[in-house]
Amino acid sequence: RGRRRTQRTSITDDGPYLAFCARAAQDPDAFRAFRREPVYVQTLEHVSEQQGGEYLRAIRRDSPHLLAESLEAGRANDQLGDPVTYDYPGVGAISPVTLRYLKVLSDLERRFGDLTDKRVIEIGVGYGGQCSLIVRRWPVRRPVRSYALVDLEPALALARHFLKTLGVVERLEFIPPSTLGAGDYDLCISNYAFSELTRDAQDRYARLAVGTSRRGYLTCNFIGQPHGIDSWTKDELERLHAGAHWVPEEPLTHQGNRILVWDDATAGPQSRA
């Protein structure tokens with residue numbers, strides 16, 4: 001991460017990373033082990049064994065039922081892309097990245113309850129791992145109404161291929177930034193990606209989708225400047241939506257990281273004027 005080029009929109013708007021995503025979406029050999037490719041590990045697949053254990057402890061404390069009800073969905077994620085896995089006591093071999101996605105699922109369920117019939121939007125989707133766990137948590141009889149995935153075209157292509165291979169195809173929308181229109185969403189989530197966008201991109205996303213979502217869960221870092229990206233500050237992010245407030249990231253994966261949350265089904269976005 002951090003290679004500079006002109007007209008970048010985010011930290012992950014990076015030539016080698018995007019080129020590999022495009023190749024992995026088309027080339028079966030590249031897809032078979034894409035989660036071990038160095039450029040992909042550097043960008044997304046870098047959760048440590050220790051951090052995975054901390055995620056697992058938090059899940060056991062807050063949502064032990066997920067280990068019975070959603071663990072197999074997580075294992076299904078790990079059947080694709082040949083990720084590095086570790087043997088965790090009581091769980092067995094699993095990717096620490098998948099444990100992070102399960103921890104986010106735990107937080108969403110505890111904060112917002114059942115997502116049945118909710119319209120969800122995710123900003124920055126990786127390979128679709130978070131989406132797959134959320135969509136399969138509320139299955140056919142009680143599904144989310146829709147799930148919009150917003151990312152750069154090559155990343156979307158890889159996520160589309162990943163989710164299609166898993167059989168997760170219904171109620172999904174794949175939206176490149178250039179075609180994102182104003183939407184009415186019940187929940188907006190982002191694992192670091194929104195905080196890594198340029199200021200111009202954040203302004204646009206906030207106006208069209210993020211700031212108007214009734215609920216939000218945005219894990220944020222503040223590493224844009226070292227990577228040549230001018231992003232919103234912590235105070236500006238906090239003004240994204242009326243009622244938004246910070247909660248700690250657990251486990252803390254980088255000094256200063258926090259999670260911005262709000263839950264207001266009636267209030268609109270707070271003005272940033």
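## A seven-stranded sheet and its helices

Let's start with the sheet: seven strands form an open sheet in the order E5-E4-E3-E6-E7-E9-E8, with mixed pairing. At its edges are strand E5 (172–175) and strand E8 (245–248), each of which pairs on one side only. Neighbouring strands in this sheet are turned against each other by 20° on average, direction ignored. If sheets are new to you, it helps to know that strands pair through backbone hydrogen bonds, either parallel or antiparallel.

Keep in mind that this is a predicted model. Its average pLDDT over the chain is 90, and 89% of the residues score at least 70. Confidence in the chain is highest in helix H2 (residues 28–32), at a mean of 98, and lowest in helix H3 (residues 38–43), at 92. Two stretches call for care: pLDDT stays under 50 over residues 1–6 and over residues 266–273. For residues 1–6 the model has 20 contacts beyond four places in sequence, and for residues 266–273 it has 17.

Now look at some of the strand pairs, gathered here.

| Strand pair | Sense | Bridges |
|---|---|---|
| E3 and E4 | parallel | five bridges |
| E4 and E5 | parallel | four bridges |
| E6 and E7 | parallel | five bridges |

You can follow one path across the sheet through Ala148 in E4: Ile121 stands opposite Ala148, and Ala148 stands opposite Glu173 in E5. From E4 the chain crosses through H9 to E5, and this β-α-β crossover is right-handed. In another pair, strand E6 (residues 187–191) runs parallel to strand E7 (residues 215–220), and Cys188 has Gly216 in E7 as its bridge partner. Helix H10 (residues 199–210) packs on the sheet, where it touches strand E3 (119–123), strand E4 (146–150), E6, E7 and E9. The direction of H10 makes about 170° with that of E3.

Is E4 enclosed or open? Five of the five residues of E4 are buried, so the strand is largely enclosed by the rest of the structure. In a regular strand the side chains alternate between the two faces of the sheet. In E4 both faces are covered: Ser146, Ala148 and Val150 are buried on one side, and Tyr147 and Leu149 are buried on the other.

Helix H6 (residues 71–78) tells a similar story: six of its eight residues are buried, so H6 is largely enclosed by the rest of the structure. The buried ones are Leu71, Ala73, Gly74, Arg75, Asn77 and Asp78. What do they pack against? Their partners are helix H5 (65–69), strand E2 (92–94), H7, helix H8 (129–137) and helix H9 (153–166).

H7 also meets the sheet, lying across E6, E7, E8 and strand E9 (258–263) and running at about 145° to E7. Within H7 (residues 96–112) you will find Lys103. Is Lys103 buried or exposed? Lys103 has a relative accessible area of 4%; because buried means under 20%, Lys103 counts as buried. Leaving aside neighbours within four places in sequence, Lys103 is in contact with Tyr55, Ala58, Ile59 and Glu250.

Terms used
Residues numbered from 1 in each chain as written. Predicted model: local features only at pLDDT ≥ 70, side-chain atom pairs only at ≥ 80, totals over all residues. Heavy atoms only, no water. Helix = DSSP H or I, 4+ residues; strand = E, 2+ residues; numbered from the N terminus. Buried < 20%, exposed > 50% of the residue type's maximum accessible area, 1.4 Å probe, protein only. Contact = heavy atoms within 4.5 Å. pLDDT = per-residue confidence, 0-100. Pairing = 2+ DSSP bridges. Axes fitted to C-alpha atoms, helices over the stretch in contact; angles between N-to-C directions. Right-handed = clockwise from strand over helix to strand, strands pointing away.
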